[in-house]
Amino acid sequence: MEFDADRFVNDIRKLMLHLIRNEKSSSMEDLSDLYTYVGFLEHLTGSEIDVNRLFLNNKKLDEWLAKYYYADANRNINFVNTNFSDLLTLAKSFSPLIDPETPIHVSNGKYSILDRSKCFNEKEYKEILYSFFALYGDNIFKIVKKMFDEKRIVLFGTINKDSDAYTVFSDYTKGAYINCKLGFDADGLSIMAHELGHVIHFYTSGINNSDKKAYTSILGEAISCSFEIAFMDYLMKNHIESDSALLLLNNKLSSDANSYRKYIGVSPDEELVLNIDGEITASPNHPRLIGKPMMADLKYTLGYNIALNMLLTCGDNKKEYVSRLRDFMYLMSKQGLKENIETLGLNYDDFLSCGTIGPYVKEKNQALIRKVSK
Ligand SMILES: [Zn+2]
């Protein structure tokens, strides 16, 4: 798959010029976009890049970049918009659904589900993604196709060690790019469905810079997780690599259950405190770190919980699915967890008790365990 590096480098240049020429109208978010673009360029080239030295060597830009570091250190504090006792309730309902002994990342030959996983060619890979996203209507299909047609995707990319893939975008250049280290198998496909979910979020929400908190909010992964989970379900229902999809789904659910189990270890008289690095500690008197970094875990666990609820309440009605997600995108940064769940047309108590998703999660977990113990 080809990548249009010229377009990408040109976007970086545009963004830098914008920052220098329009100091008043550009924002910290534009600087943050520049940083993520530069990170992407570093992963493309495999070397550290001082982008200002490379392109412009502008003093003012150096000052902006220094200012960004300071502002960024204080950003995570915006993440708190959720009642932690509700999260404990959710944790207690979700984690018993998954057997702690669930075999995950099965690729060692013993279970060999992923070893048998088919590798598609590039044409098949695109066709599977196109036919899935086409179910959600013309607008969404066009966004996905544009990413491929305009060569905005790096496959088998060099990437930071913590992730399999990520997406960068800029409000100013209106450009999104995906970097993914995986390729043409079920794993790579479902990661791509997730990343394309971020791109859909970016292009359809109409979010501008002042509203950009949505991406970094505690629910920032919910849209992408919704497309990813629906995609795994699509692979299973259409008998496209259904064993791999079942395993991949269980990998997500197991890691969610493990994240939630960290919460359950917190006793009711402990106070949870979010620190400036986005980590959560318990007990102010004897600070104890619960997982690291907890906020990142939480974004995914909540995202997958929402995704499963959406799949089971309106997964077959794609029009309804898209319209609920669209309302949610507009409002997610402006309201708390309960209001957001209700915006999605879900019942909050049912969400916290995993009432709707419980049987599905349990069934999929047991199905994998049966399969690998055969
Ligand atoms: Zn994501």
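## Burial and overall make-up

Call a residue buried if 20 or more other C-beta atoms lie within 10 Å of its own, with the C-beta atoms placed from the backbone. By that count, 38% of the 374 residues of the protein are buried. Keep in mind that this is a predicted model.

The secondary structure comes to 16 helices and 6 strands. As for how the chain folds back on itself, take the contacts between residues at least 6 apart in sequence: 71% of them join residues at least 24 apart.

## A three-stranded sheet

Three of the strands make an open sheet, ordered β1-β3-β2, with mixed pairing. The edges belong to β1 (153-155) and β2 (165-170); each has a single partner strand, so one side of each lacks a neighbour in the sheet. On average, neighbouring strands here are turned by 10 degrees against each other, ignoring direction.

The mixed pairing is easy to trace strand by strand. On one side, β1 and β3 (residues 175-180) pair in the parallel sense over 3 bridges. I153 has I178 of β3 as its bridge partner, and L155 is matched with C180 of β3. On the other side, β2 and β3 run antiparallel and are joined by 6 bridges. One of the bridge pairs puts S170 opposite G175 of β3. These two strands form a hairpin with 4 residues between them, and K174 in the turn has a positive phi of about 60 degrees.

## The strand in the middle

How many residues of β3 are buried? The strand is mostly covered, with 6 of its 6 residues buried. Side chains in a regular strand alternate between the two faces of the sheet. In β3, G175, Y177 and N179 point one way while A176, I178 and C180 point the other way, and all are buried.

Two helices pack on this sheet. Helix α2 (residues 28-45) touches β1, β2 and β3, and its direction makes about 135 degrees with that of β2. Helix α8 touches β2 and β3, with its direction at about 165 degrees to that of β3.

## What else α8 packs against

Besides packing on the sheet, α8 has contacts with two other helices, so let's take them in turn. Helix α6 (residues 122-134) packs against α8 at an angle of about 45 degrees, with the axes 11 Å apart. That angle makes α6 oblique to α8. The crossing of α6 past α8 is right-handed. From α6 come Y125, I128, L129, F132 and F133, and they meet L189, M192, A193 and L196 in α8. Sorted by class, that contact has 9 nonpolar residues, no polar and no charged ones.

Then there's α7 (residues 138-149), which packs with α8 (residues 186-204) at about 115 degrees, the axes being 10 Å apart. α7 also passes α8 in a right-handed crossing. N139, I140, I143, V144 and M147 of α7 make the contact with L196, V199, I200, Y203 and T204 of α8. Those residues split into 8 nonpolar, 2 polar and no charged. Look for L196 when you trace these helices: this α8 residue takes part in the contact with α6 and in the one with α7.

Definitions and conventions. Residues are numbered from 1 along each chain as its sequence is written. This is a predicted model: local features need pLDDT of at least 70, side-chain atom pairs count only at pLDDT 80 or more; totals for chains, interfaces and linings use all residues. Axes are lines fitted to C-alpha atoms, for helices over the stretch in contact, and angles run from 0 to 180 degrees between N-to-C directions. A crossing is left-handed if the near helix is turned anticlockwise from the far one by less than a right angle, and right-handed if clockwise. Two residues are in contact if their C-beta atoms, placed from the backbone, lie within 7 Å. Ala, Val, Leu, Ile, Met, Phe, Trp, Tyr, Cys and Pro count as nonpolar, Asp, Glu, Lys and Arg as charged, and the others, Gly among them, as polar. Angles under 35 degrees count as roughly parallel, over 145 as roughly antiparallel, 65 to 115 as roughly perpendicular and the rest as oblique. Two strands pair if DSSP finds at least two bridges between them. A residue is buried if 20 or more other C-beta atoms lie within 10 Å of its own, exposed if 12 or fewer, and partly exposed in between; C-beta atoms are placed from the backbone.
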